[in-house]
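Here is a short tour of one protein chain, written for a reader who likes to keep the model open alongside the text. Have a look at the structure first, and then we can walk through it together.

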Amino acid sequence: MMNDQVKKVEKYFSDREEYTTLGSLVETMKVINTPEDQELLEATVKSYSDVMSTPYIDEKLTMNYVRSMILEPFFGQASILQKTFSSKSIDEHIEQIHIDFVEPAQLELAFQQMWQSGDPTAIQSYLEHNQHYAPFKTWHKGIKKCKTIEELDRYCQEEILPCSLINGLFGTQSLEEKSFVPLAFSKDKAVNFSWDFEKSCPVPISAVARLILFLAPLGLTPYTRRVGSIQANENYRYFGLVLTKKNFVKDVKLNNNYLRARSKGTEFTDAIIGLFHETTDKADKLKDALLMIELSSEYQAKKTLLDYYHMPSYLVSFFNEYAYLFKGMKHSLLKDRYLREILKGIDPKQVIYEYIRMAIKESFHVYGAYQAVKARYHILNSMRGVDEMASNDKAVTFVYFQGVNLRKQLVGRASTGDENAPYRASGSKKVEGIAYRLLNAVKSGDKSEFMDSVFRLYLSANAAGNKQKLSVPSIFLDGFKEEGLDFDTLANAFITGLLSQDEEKKEEASTHES
């Protein structure tokens, strides 16, 4: 990482003494490889930090980071982001921002006040003295012919396009990629949005609207998000926003807290649950359900990803009682996908299938998969308005331990140590194969295939000569009924129990005790 930063310094300041010093420090780092070099390591890192903190180096690298990571995804074609502008100082960037964004907004707001006064002479005079602003120069040619307020109103309504984003303001420019990449099209591709087929300005906006869009990143939280499956995923630079029904000041505070949490590396799920629990009053939680927006934009790739999530009242009820279930889900990617699915109102069973498949490969994830099954059960009940769920939770636990007990019989039977017994495959390996077969039946919704496999498992376990005989519990019939446990909950709870080992059972026991 140090070497990468020094290469950036070389691009701009290769003739400076600081660059030579940084190169020496990087070379020193390459020979540090024993505990005896601890003092040299600390001294080298401190010297590197001091040199990189030199104002002109820090300013240039910080500005480049802001340009490439924050501004370019939102305003790809803005003048300050052109390659020819990369050598400019921060003061020159500020000056150009004032020219491009601030001054036009000031001029238009002043014109808006003048126009509301209804004095054609004063309006004409204002436009005449500000013809350096191109839209005013065009307007002045038409407005100078207006003698009455009626003629002025008619001209503004018929000849000047309105702002598409802010009512009451006039459109002076088009919403293009230089204005706001995530929402904009190039002019050639925005013809279907055109006012009166005016291709030169298909989506008119005011300078005030453009300034507000330019300020948008100030309220967003930047972070890296993995998108895709467990096997194939990519990291994207995302920006997030959290909104409630509270006032603006409280929403700002909420987003500042969200920014602090994500800046510390807190995962999406933990950050959202943390924000939810900041409100201690239950009535406030029900009233102030969260709305979350996430977007990722790549100007060069012409690609924007946008997700928005709403936490309805039934999820508020769920999080009030069962947010702790997410603590048991240790797979961060699947946990975050799980939360995003339920916030979108989507049944998270597909994520659970993937979690169970992961648990078959790595037993460490069995407990997390079981917690995901329980969470889904409570979410479905919350959606149906079922308030008293504690007693029904015992049914899920009961099915889970049916799988636990059956595993004991199957694994124990395969490892009795009896030399006269016929050779059998490893008990754990056999259970894994059974779990795959059961999971495939659940995913395809084949209840008959699933129950047939379950009956065969019990027959096989009882035929091994074990003293303890297991009977198939009647609760499995719930999978064929409308009431009771739904098929997915019943089947997945049983599969996770079948996969469970001592470590998971101990962890669950300690959780129940706490």
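Helices here are DSSP runs of H or I with at least four residues, numbered from the N terminus. With that in hand, Ala 359 can be placed in helix 15, which spans residues 349–361. Please keep in mind that this is a predicted model.

**The overall picture**

The secondary structure of the protein comes to 21 helices and six strands. Of its 514 residues, 45% are buried. Among contacts with a separation of 6 or more, 63% join residues that are 24 or more positions apart. The protein exposes about 27800 Å², and carbon and sulfur atoms supply 52% of that area.

**Inside the protein**

Back to Ala 359: is this residue buried or exposed? Ala 359 counts as buried because its relative accessibility is 3%, under the 20% cut-off. Leaving aside neighbours within four places in sequence, Ala 359 touches His 365, Val 366, Ala 369 and Leu 499. Ser 500 is 141 residues away from Ala 359 in sequence, yet the two C-alpha atoms are 9.1 Å apart in space.

Arg 340 belongs to helix 14, residues 332–343. This arginine is buried too, with a relative accessible area of 6%. Beyond its neighbours within four places in sequence, Arg 340 is in contact with Arg 225, Phe 268, Glu 294 and Tyr 309.

Helix 4 offers a wider view of packing. Its buried residues are Ile 57, Lys 60, Leu 61, Met 63, Asn 64, Arg 67 and Leu 71. They pack against helix 1 (2–13), helix 2 (17–30), helix 3 (38–52), helix 5 and helix 9 (207–215). An α-helix has 3.6 residues a turn, so residues three or four places apart point the same way.

**Patches on the surface**

Helix 4 also takes part in a surface feature. Asp 58, Glu 59, Asp 91, Glu 92 and Glu 95 gather there in a patch of negative charge. Helix 4 (55–71) and helix 5 (90–117) each supply at least two of the patch residues, and the largest share, three residues, comes from helix 5. Asp 58 is in helix 4.

Which residues form the positive surface patch? They are Lys 246, Lys 250, Lys 253, Arg 260 and Lys 264. Lys 246 sits in the loop between strand 4 (233–243) and helix 10.

A nonpolar surface patch is made by Phe 248, Val 249 and Val 252, and covers about 330 Å². Phe 248 is found in helix 10, residues 248–263.

**A loop residue to look at**

Lys 302 is not a glycine, but it has a positive phi of about 55°. Its place is the loop between strand 5 (291–298) and strand 6 (303–310).

The table sets out the accessibility of one residue from each patch, together with Lys 302.

| Residue | Relative accessible area | Class |
|---|---|---|
| Asp 58 | 41% | partly exposed |
| Lys 246 | 30% | partly exposed |
| Phe 248 | 66% | exposed |
| Lys 302 | 54% | exposed |

Phe 248 is classed as exposed because its relative accessible area of 66% is over the 50% cut-off. Asp 58, at 41%, is partly exposed because that value falls between the 20% and 50% limits.

How values were computed. Residues numbered from 1 in each chain as written. Predicted model: local features only at pLDDT ≥ 70, side-chain atom pairs only at ≥ 80, totals over all residues. Heavy atoms only, no water. Patch = residues over 30% accessible without salt bridge, like charges linked within 9 Å, V, L, I, M, F, W, Y side chains within 5 Å. Areas by Shrake-Rupley, 256 points an atom, 1.4 Å probe, with all protein chains shown as cover. Salt bridge = Lys/Arg side-chain N within 4 Å of Asp/Glu carboxyl O. Lys, Arg positive; Asp, Glu negative; His and termini not counted. Charge placed at Lys NZ, Arg CZ, Asp CG, Glu CD. Buried < 20%, exposed > 50% of the residue type's maximum accessible area, 1.4 Å probe, protein only. Contact = heavy atoms within 4.5 Å.
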